[in-house]
Amino acid sequence: GYGDLTVSYSVSPTSSSASTSIGNNSSGSTAWLQTILLNAIDRKQLLIVAGKAAWRVHMTIQILNDAGNVADASLMAAVAALQDTILPPTQQQQQQQSISSGGASKSSSSASSSLASAVRIEIVPPEDEAAAEDQSSETKETQQQQRVQYGTPLSLMHLPVPLTMGLYRSVTPGNNNSTKMELLADPTAQEEPILEGKVTLVAIEGDSANKDNNSSKTDNYSIVQIQHSGRVPIGRKELSLAAKMTFGRAKYVVETVLQTEHNSNPIVGEE
């Protein structure tokens, strides 16, 4: 098969409320994040030798402080880390191993041997690694160019952009005290405890997700995942509004990233 990507969370003891927002549901948060990231990369890039060796990318999300909406922050940080990932070059060495079998008796002896071939994968170190460490005056841009020239940047097929919204009911005065569902984008740690539920939508740009007829698409942006939790349901009207807000954030983030990192490679994988 191809390579793999795994995700884990590490919560700092000094974190304010991450132990409750992530720690109590670390397995669910990890599975959610890992699924999105695996769909964002082409795992063929991780292949070294077909059927024998491939890269496994292990990512640890270190939460230093929970100011609210850890899910969105974790995903955006993970995407930024993948955009900065360089796969080092490798070299293969064929190794021959002799396998012997047979037996012997007083009157005769017989033996047979065969050669088995094994592949040894080694990472090729940079030729100028020592020289680069001595040149303390190098700029970050020069160092980044050297990293790209040394290895192969891991490119993304699309840029997943999340938006989490809190759900709560407000009372409308004068109308038999009827309630109305409200959306609160990007809730803080102080707002999260009083919410009655949350919904997280993930949007991407491009047509790579449009093979799924159930995906919602507007202006070339598609909703590829919806996660809802809490004690209140979300209606069609609120979900439609949440999708529009997610499209707006996705468009802003993608345009900002492309403008800021226009000359960098990679940002968003292009075919």
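**Close-ups of a predicted model**

**View 1. A low-confidence stretch at residues 104–111.** In this predicted model, pLDDT stays under 50 over residues 104–111. The model gives these residues six contacts beyond four places in sequence. A second stretch, residues 265–271, also has pLDDT below 50, and there the model has 19 contacts beyond near neighbours in sequence. Where pLDDT is low, the predicted coordinates should not be read in detail. As for the protein chain as a whole, its pLDDT averages 78, and 69% of the residues score at least 70. Among the elements, helix α4 (residues 129–134) has the lowest mean pLDDT, 49, while strand β11 (residues 197–205) has the highest, 94.

**View 2. β11 and its two partner strands.** Here's the element with the highest mean pLDDT, strand β11. Strand β9 (residues 161–172) runs antiparallel to β11, and seven bridges join them. To find your place in that pairing, look for Gly166, whose bridge partner in β11 is Lys198. β11 also pairs with strand β13 (residues 221–230), again in the antiparallel sense, over nine bridges. A handy marker for that pairing is Glu205, with Tyr221 of β13 as its bridge partner. How much of β11 is covered? Seven of its nine residues are buried, so the strand is mostly covered.

**View 3. Arg56 and Asp4, a salt bridge between two strands.** Zoom in on the side chains of Arg56 and Asp4 and you'll see them meet in a salt bridge, at 3.8 Å from N to O. The two residues come from distant parts of the chain: Arg56 sits in strand β4 (residues 56–63) and Asp4 in strand β1 (residues 4–11), 52 residues apart. Is Arg56 buried or exposed? Arg56 counts as exposed, because its relative accessibility is 59%, and the cut-off for exposed is over 50%. Asp4, at 22% relative accessible area, is partly exposed. Keep Arg43 in the frame too: Asp4, Arg43 and Arg56 are linked in a network of salt bridges. In the whole structure, a search finds seven salt bridges.

**View 4. Glu122 and Arg120, another salt bridge.** These two side chains meet with N and O 2.9 Å apart. Both ends are partly exposed: Glu122 has a relative accessible area of 22%, and Arg120 has one of 40%.

**View 5. Asp186, a loop residue with a salt bridge and a positive phi.** Asp186 lies in the loop between β10 and β11. Which residue does Asp186 form a salt bridge with? That's Arg249, with the closest N and O atoms 3.9 Å apart. Arg249 belongs to helix α6 (residues 236–260), so the pair ties together parts that are 63 residues apart in sequence. Arg249 is partly exposed at 27% relative accessible area, and Asp186 is partly exposed at 38%. Check the backbone of Asp186 while you're here: its phi is near 50°, a positive value in a residue other than glycine. Most residues other than glycine have a negative phi.

**View 6. Asn69, a buried loop residue with a positive phi.** Asn69 also shows a positive phi, near 55°, and isn't a glycine either. Asn69 is placed in the loop between β4 and α3 (70–83). With a relative accessibility of 5%, Asn69 counts as buried.

**View 7. Leu37 and the largest nonpolar core.** The core shown here has 42 residues, and those touching the most other members are Leu33, Leu37, Ile61, Leu75, Leu82 and Leu159. α6 gives the most to this core, with seven residues. Which residues does Leu37 contact, leaving aside its neighbours within four places in sequence? They are Leu5, Val7, Met59, Leu75, Ala78, Val79 and Leu82. In soluble globular proteins, nonpolar side chains tend to be buried together.

**View 8. Helix α6 from end to end.** α6 has 25 residues and reaches 36 Å from its first C-alpha to its last, close to the 36 Å expected at 1.5 Å a residue. The buried residues in α6 are Glu238, Ala242, Ala243, Thr246, Phe247, Ala250, Val253, Val254 and Val257. An α-helix has 3.6 residues a turn, so residues three or four places apart point the same way. Arg249, from the salt bridge with Asp186, is another residue of α6; this one is partly exposed.

Technical notes
Residues numbered from 1 in each chain as written. Predicted model: local features only at pLDDT ≥ 70, side-chain atom pairs only at ≥ 80, totals over all residues. Heavy atoms only, no water. pLDDT = per-residue confidence, 0-100. Helix = DSSP H or I, 4+ residues; strand = E, 2+ residues; numbered from the N terminus. Contact = heavy atoms within 4.5 Å. Salt bridge = Lys/Arg side-chain N within 4 Å of Asp/Glu carboxyl O. Buried < 20%, exposed > 50% of the residue type's maximum accessible area, 1.4 Å probe, protein only. Core = buried A, V, L, I, M, F, W, Y, C linked by side-chain atoms within 4.5 Å. Expected span 1.5 Å × (residues − 1). Pairing = 2+ DSSP bridges.
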